[in-house]
Amino acid sequence: MHRLYENEDITVFWDSDRCFHARRCISGAPMVFNFARKPWVDLSKGKNPVIWKTVKLCPSKALDIVYNHGVRGIFDEENRRSLALDGERIVGECDYDDDKVSFTIVHTEVDPAYSDKGIAKRLVFKVAEAAEKRKRKVVPVCSYAEKVLD
Ligand code: SF4
């Protein structure tokens with residue numbers, strides 16, 4: 001399962017397949033990370049520096065974190081894509097096909113001026129999360145998406 005949790009400044013990723021429940025996240029920020037709650041991550045319950053430090057303690061890398069750099073991520077189901085927006089400008093896009101069984105991720109691209117900010121990962125996770133919530137399989141054809149979801 002792939003999930004992302006966002007506030008204005010940061011995005012936290014969680015890949016449940018990698019999580020072996022070492023619970024360091026819960027020790028580090030128990031108000032933010034709580035497996036007894038849904039959703040189990042609530043970024044509003046902690047300060048960003050504490051969340052950052054806690055995510056970095058995750059031994060399995062099931063958790064990851066990036067700064068948003070002022071870029072918003074949205075899921076655009078009508079056009080089968082996720083988008084990264086700097087203001088109204090599109091600076092990244094992840095496209096998929098939906099055959100009602102699977103979301104096949106076919107292309108991920110980020111404006112080179114915005115590279116190395118974790119934007120492509122945010123875009124791929126947006127699509128993967130949406131697929132999983134709709135009980136679709138996620139099929140990454142795009143090589144970047146394949147790497148992210150490996
Ligand atoms: S610290 Fe990482 S591996 Fe441990 S429970 Fe939290 S997310 Fe899972």
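## Close-up views of a predicted model

**View 1. Lysine 61 lies in the loop between H2 and strand S3 (63-67).** Helices and strands are DSSP runs (H or I, at least four residues; E, at least two), numbered from the N terminus. This is a predicted model, in which local features need pLDDT of at least 70 and side-chain atom pairs count only at pLDDT 80 or more, while totals for chains, interfaces and linings use all residues. Residue numbers start from 1 along each chain as its sequence is written. Although lysine 61 is not a glycine, its phi is positive, at about 65°. Lysine 61 is exposed, because it has 12 other C-beta atoms within 10 Å; a residue is exposed with 12 or fewer such atoms, buried with 20 or more, and partly exposed in between, the C-beta atoms being placed from the backbone.

**View 2. A cis peptide bond joins lysine 38 to proline 39.** The omega angle of this bond is about -10°. Proline 39 is placed in the loop that runs between helix H1 (24-28) and helix H2 (48-55). Most peptide bonds are trans, and most residues other than glycine have a negative phi.

**View 3. Arginine 80 sits in the loop between strand S4 (72-76) and strand S5 (81-86).** Its phi is positive, at about 50°, although arginine 80 is not a glycine. Arginine 80 counts as partly exposed, because it has 17 C-beta neighbours inside 10 Å. The two strands that flank this loop, S4 and S5, pair in the antiparallel sense over 5 bridges. In this pairing, aspartate 76 has arginine 81 of S5 as its bridge partner; two strands pair if DSSP finds at least two bridges between them.

**View 4. Helix H3 comprises residues 119-133.** The helix has 15 residues and reaches 21 Å from its first C-alpha to its last. Because 12 of its 15 residues are buried, H3 is largely enclosed by the rest of the structure. Its buried residues carry several kinds of side chain: Ile119, Leu123, Val124, Phe125 and Val127 are among them, as are Lys121, Arg122 and Lys126. The alanines in the buried set are Ala120, Ala128, Ala130 and Ala131. Just after H3, lysine 135 takes a positive phi of about 65°.

**View 5. Three strands form an open sheet in the order S1-S2-S3.** The pairing in this sheet is antiparallel. Strand S1 (2-6) and S3 are the edge strands, and each pairs on one side only. S1 and strand S2 (residues 10-15) are joined by 5 bridges in the antiparallel sense. Within the view, glutamate 6 stands opposite threonine 11 in S2.

**View 6. An open sheet of 5 strands follows the order S4-S5-S6-S7-S8.** The pairing in this sheet is mixed. S4 and strand S8 (137-140) stand at its edges, each with a single partner strand, so one side of each has no neighbour in the sheet.

**View 7. The ligand is shown with the residues that surround it.** From one stretch of the chain come Cys19, Phe20, His21, Ala22, Arg23, Arg24 and Cys25. The surroundings also include Cys58, Ser60, Ala62 and Leu63. A residue is near the ligand if its C-beta atom, placed from the backbone, lies within 6 Å of it.

How values were computed
Expected span 1.5 Å × (residues − 1).
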